[in-house]
Amino acid sequence: MREAAFVRQNKDKWLKFESVLINNAQITPDELSDLYIEITDHLSYAQTFYPNSQTLNYLNGLASNAHQKIYKTKKEKKNKIYSFWVKEFPLEFYYYQKELLIAFLIAVLFTAIGAYSSATDGAFVRSILGDAYVNMTLENIEKKDPMAVYKQMEETNMFLGITINNIRVALNCFILGVLFGLGTVYMLMQNFIMLGSFQYFFYDKGLLWESARTIWIHGTIEISVIIIAGCAGLVVGKSILFPETYTRLTSFVKGVKSGLKIVISTIPFFILAGFLEGFVTRHTEMPDILAITIISISLGLILFYYVIYPRQLYNKLNNEQ
């Protein structure tokens, strides 16, 4: 690539980086690190193809200033854990709203496929949920307690078992993203075809409301964060397929770091979902209004932290600059 074309292609990014450094804009250390990585990639390219050029001198100075600001900012940081949850992660997650939407649409698609397949093939539910579960639930329905499965295990053991299993599912969604995102799609397919089959099974028995108002007490958070874990896997897959101006290796490392942060963010929510499933869902006698309140608060919490708050934080940051 000719030097003039290289400059035209990247000058807007360089000017943005320079503006961040000069104006002392409030961005997170991790974002600065990402900017620094991209600058150094461009610097390495210029050193190879444009030695002794003005472009090389400019990028060298920009990289040096970025390096100083990164480490100065990191030293000044006091409460990293608090900052991660309140500012760093939500601000970074703003840039992954597209991947989150894709993960959500994939989940909706496979849920619909699961429900449709169950409606058109009488044996499909058993092939997905298993004969043992279906037979047990049919027995519970006959006993007038269709949600009795949530009362069988001791509360603490159920809480721990469910939480550990859900975190394992989230990690698999993330790790399988290295298969160009296809492994993540496969994990979402498994989980959401099962969800669609599960809900259709109760619909077919005339128990859709009874199942929904019980299951979604914990399922609102549980299902939502599985989708968010799917987003983490798609971020990894995208980093491999579309490295943009980064080298493929640099893009992959960046994608893994970002995806891991997304998975880490889901752990408290999985713990909360496990607690609800272990200690609250079993109380099927609770009034509908209480169940609806828990479901609504859970949905609001997820939407606020992963969709609304990142946008608010991003807009606030832009207005302050």
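Helices here are DSSP runs of at least four residues, numbered from the N terminus. Keep in mind that this is a predicted model.

**Exercise 1. Place Thr184: which helix holds it, is it buried or exposed, and which residues does it touch?**

Step 1. Start with the address. Thr184 sits in helix α9, which covers residues 182–204.

Step 2. Check the accessibility. Buried means under 20% relative accessible area. Thr184 comes in at 0%, so it counts as buried.

Step 3. List the neighbours, skipping residues up to four places away in sequence. What remains is Cys173, Leu176, Gly177, Gly230, Gly233 and Leu234.

**Exercise 2. Thr184 touches Cys173. Work out how many disulfides the structure has, and where the nearest cysteine sulfur to Cys173 lies.**

Step 1. Search the whole structure: the number of disulfides is zero.

Step 2. Look at Cys173 itself. Cys173 is in no disulfide, and the nearest cysteine sulfur belongs to Cys231, 11 Å away. A disulfide needs the two sulfur atoms within 2.5 Å.

Step 3. Turn it around. For Cys231, the nearest cysteine sulfur is that of Cys173, at 11 Å, and Cys231 is in no disulfide either.

Step 4. Add the surroundings. Cys173 has 0% relative accessibility, so it is buried. Cys231 is also at 0% and counts as buried.

**Exercise 3. Compare the end-to-end distance of helix α10 with that of a straight helix, and say where its kink is centred.**

Step 1. Get the expected span. Helix α10 runs over residues 208–241, 34 residues in total, and a straight helix of that kind would reach 50 Å at 1.5 Å a residue.

Step 2. Compare with the model. The end C-alpha atoms of α10 are only 41 Å apart, short of that value.

Step 3. Look for a bend along the way. A kink of about 60° shows up in α10, centred on Trp216.

Step 4. See how covered the helix is. Of the 34 residues in α10, 28 are buried, so "mostly covered" is a fair label.

**Exercise 4. Find out which helices the ring pairs Phe159–Phe279 and Phe269–Tyr306 link, and how the rings are arranged.**

Step 1. Begin with the total: the model has 21 aromatic pairs.

Step 2. Take Phe159 and Phe279. Their ring centres are 6.0 Å apart with 55° between the planes, a tilted pair. Phe159 belongs to helix α8 (residues 155–175) and Phe279 to helix α11 (residues 248–280), so this pair ties together parts 120 residues apart in sequence.

Step 3. Check exposure for both. Phe159 is buried because its relative accessibility is 18%. Phe279, at 28%, is partly exposed.

Step 4. Now take Phe269 and Tyr306. With centres 5.5 Å apart and planes at 50°, this pair is tilted. Phe269 is in helix α11 and Tyr306 in helix α12 (residues 288–320), 37 residues apart. Both of these residues are buried.

Step 5. Zoom out. Ring pairs join Phe269 and Tyr306 with Phe84, Trp85, Phe89, Phe93 and Tyr305 in a cluster.

**Exercise 5. For the salt bridges of Glu92, Lys238 and Asp288, name the partner, the helices and the exposure of each side.**

Step 1. Count first: there are five salt bridges. The next steps walk through some of them.

Step 2. Glu92 pairs with Lys261, the closest N and O atoms being 3.0 Å apart. Glu92 lies in helix α4 (residues 80–93) and Lys261 in helix α11, so the bridge ties together parts 169 residues apart in sequence. Glu92 and Lys261 are both buried.

Step 3. Lys238 meets Glu99, at 3.0 Å from N to O. Lys238 is in helix α10 and Glu99 in helix α5 (residues 97–120), so the link spans 139 residues of sequence. Lys238 is partly exposed at 34%, while Glu99 is buried at 4%.

Step 4. Asp288 bridges to Arg213, with 3.1 Å from N to O. Here Asp288 is in helix α12 and Arg213 in helix α10, 75 residues apart. Asp288 is partly exposed at 36%, whereas Arg213 is buried at 3%.

Definitions and conventions: Residues numbered from 1 in each chain as written. Predicted model: local features only at pLDDT ≥ 70, side-chain atom pairs only at ≥ 80, totals over all residues. Heavy atoms only, no water. Helix = DSSP H or I, 4+ residues; strand = E, 2+ residues; numbered from the N terminus. Buried < 20%, exposed > 50% of the residue type's maximum accessible area, 1.4 Å probe, protein only. Contact = heavy atoms within 4.5 Å. Expected span 1.5 Å × (residues − 1). Bend = angle between axes of the 7 residues up to and from the residue. Phe/Tyr/Trp six-rings, centres within 6.5 Å; stacked < 30°, edge-to-face > 60°. Salt bridge = Lys/Arg side-chain N within 4 Å of Asp/Glu carboxyl O.
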